[in-house]
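Here are my notes on the model, as numbered points. Please read them with the structure open.

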Amino acid sequence: MKEALWWHKEEDGRILCTLCPRYCRMGEGQAGFCYIRKNVAGKLYSLGYGRPTGFAIDPIEKKPLNHFLPGTGILSFGTAGCNLGCRFCQNWSISKAKLDDAQSLSASPEEVVDLALRHKVSSIAYTYNDPVIWGEYVIDISRLARKRGLKSVMVTAGYITREARAEVYRYIDAANVDLKAFTEKFYHKLTFSHLDPVLDTLKWLKNETDIWVEITNLMIPGENDDPEETRRLCEWVVAHLGDSVPVHFTAFHPDFKMMDKPRTPASTLKRARQIALSLGIKYCYVGNVFDEEGQTTFCPNCRRALIRRSWHDTLEYHLVGDRCPCGEKIPGYFPSALAPSERQRGWSFLRMQ
Ligand code: SF4
């Protein structure tokens, strides 16, 4: 067991975890809301450290990231547990599991990095459940990954405290933050968390770090797909993060405790994308549906299709370095900006598909 960071003892002897805004207080033998941080003999332990629930190599577009090493493969894994309680969780078999239920594996940071190098991917994703709750493991892997030429990606709900975030993100290169809705009511009722800390994390990531950021909004019919809510979300993004942060609107499918809702119609995502574009967001995508236009990166200057995609596949790639042939700079981190060996590593994954 790995002793946790970010905690202290309260006057009554209980432990206060300061990693996420839930601030769980734990008596002897108790675990927090996330299941994988536990008070054992008066110390807090990170039970998820070194205990992944399985690995996959995904296209990076599945995270989703469209402006960070597009077309490359990424080693992806998570652990058991989660610090949110989303009723619509699409990974609930691990996020709602305790370590034993999830039949966790054992892998040291060195073994994870070796695995990524052996499979010739360019980056590692901390994903599936929220990696915030295994921040100690994230730090140790991402530090080593950076030393050995690999990038690190957080796929997260952004529910982390100010006290912990600088350390957890120290060696992270990119993040996709799930902005689940733009109302406190949704966050409170359907995720058992709060909106404001997520907005605070987004502002910090974009304005106070060099980490590349994209945003995902999973649209659930009748819950967060009101065009007025989408408009307010997009206006907030432009005002606080700028017009160049890519926004992904993705389709919900019935899962976990939300089996009574239909799948999100493609028309809802198209409408959201049009709202975002009309409000000045330059790069807006739709996901979990077939929509080539909604998955293509267009030059905001000449409107040329620069990276044409279908679902997660890259069909065409016309960037020259990080520019459109017309000269417009496209924000992000593109393969041709990497050393040739890394570029080769990334694109070879595409050929394997
Ligand atoms: S990380 Fe886990 S134990 Fe710590 S406050 Fe959040 S939910 Fe509670």
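1. First, the residue classes. Ala, Val, Leu, Ile, Met, Phe, Trp, Tyr, Cys and Pro count as nonpolar. Asp, Glu, Lys and Arg count as charged, and the others, Gly among them, as polar. By these classes, the lining of the second largest cavity holds 5 nonpolar, 2 polar and 3 charged residues. Keep in mind throughout that this is a predicted model.

2. The second largest cavity. Its volume is about 50 Å³. The lining consists of R273, L277, K282, Y283, C284, Y285, T296, T297, F298 and R303. Which elements give two or more residues to this lining? They are α8, β14 and β15. The charged members of the lining are R273, K282 and R303. T296 and T297 are the polar ones.

3. The cavities overall. How many cavities of 30 Å³ or more does the structure hold? There are 2. The largest has about 90 Å³ of space. It is lined by 13 residues, and C17, C20, C24, C34 and R37 are the closest to its centre. The class split of this lining is 9 nonpolar, 2 polar and 2 charged. Note that cysteine is counted as nonpolar here.

4. The ligand. Where does the ligand sit? It occupies the largest cavity. The shell around the ligand has 13 residues, with C17, C20, Y23, C24 and C34 the closest. By class, the shell divides into 9 nonpolar, 2 polar and 2 charged residues. C17, C20, C24 and C34 are named among the closest to the ligand, and they are also named among the closest to the cavity centre. Y23 is listed among the closest to the ligand. R37 is listed among the closest to the centre of the cavity.

5. The largest pocket. About 1000 Å³ of space lies in this pocket. It is lined by 40 residues, and K62, K63, Q90, N91 and V155 are the closest to its centre. Strands β7 (55-59), β10 (151-156), β11, β12, β13 (247-251) and β14 each supply at least two lining residues. Which of the elements gives the most? It is β14, with 3 residues. The lining comprises 14 nonpolar, 17 polar and 9 charged residues. Strand β14 is worth tracing, as it contributes to the lining of this pocket and also to that of the second largest cavity.

6. The second largest pocket. Its volume is about 200 Å³. Of the 14 residues in the lining, R146, I172, D173, D210 and I211 lie nearest the centre. The classes here are 8 nonpolar, 2 polar and 4 charged. Two of the residues named, R146 and D173, return in the next point.

7. The R146–D173 pair. R146 and D173 form a salt bridge, with the closest N and O atoms 3.1 Å apart. The two are 27 residues apart and link distant parts of the chain. R146 is in helix α3 (residues 135-147), and D173 is in the loop between α4 (162-168) and β11 (174-178). Are these residues buried or partly exposed? R146 is partly exposed, at 38% relative accessible area. D173 is buried, at 17%, because the limit for buried is under 20%.

8. The K270–D291 pair. Their side chains meet in a salt bridge at 3.3 Å, N to O. K270 lies in helix α8 (residues 266-278) and D291 in the loop between β14 (284-287) and β15 (297-298), so the pair ties together parts 21 residues apart in sequence. K270 is partly exposed, at 45% relative accessibility. D291 is buried, at 10%.

9. The E223–K189 pair. This salt bridge spans 3.7 Å, N to O. E223 lies in the loop between β12 (212-219) and α7 (227-241), and K189 in helix α5 (residues 184-191), so parts 34 residues apart in sequence are tied together. K189 is partly exposed, with a relative accessible area of 41%.

10. Salt bridges overall. The count comes to 23 salt bridges. One network of salt bridges links K2, D140 and R143. Side chains of opposite charge can pair when their charged atoms come close.

Methods. Residues are numbered from 1 along each chain as its sequence is written. This is a predicted model: local features need pLDDT of at least 70, side-chain atom pairs count only at pLDDT 80 or more; totals for chains, interfaces and linings use all residues. Side-chain values use heavy atoms; hydrogens and water are left out. A residue is near a molecule or strand if one of its heavy atoms lies within 4 Å of it. On a 1 Å grid over the protein atoms alone, a cavity is a set of points where a 1.4 Å probe fits but cannot get out, and a pocket is an open set with protein on both sides within 12 Å along at least five of seven lines; lining residues have an atom within 4 Å of a point. A molecule sits in a cavity or pocket if more than half of its atoms lie within 2 Å of its grid points. A salt bridge is a side-chain nitrogen of Lys or Arg within 4 Å of a carboxyl oxygen of Asp or Glu. Helices (H or I, at least four residues) and strands (E, at least two) are DSSP runs, numbered from the N terminus. Buried means under 20% relative accessible area, exposed over 50%, partly exposed in between (1.4 Å probe, protein chains only). Grid points are joined across faces, edges and corners, and a volume is the space filled by probe spheres set on the points.
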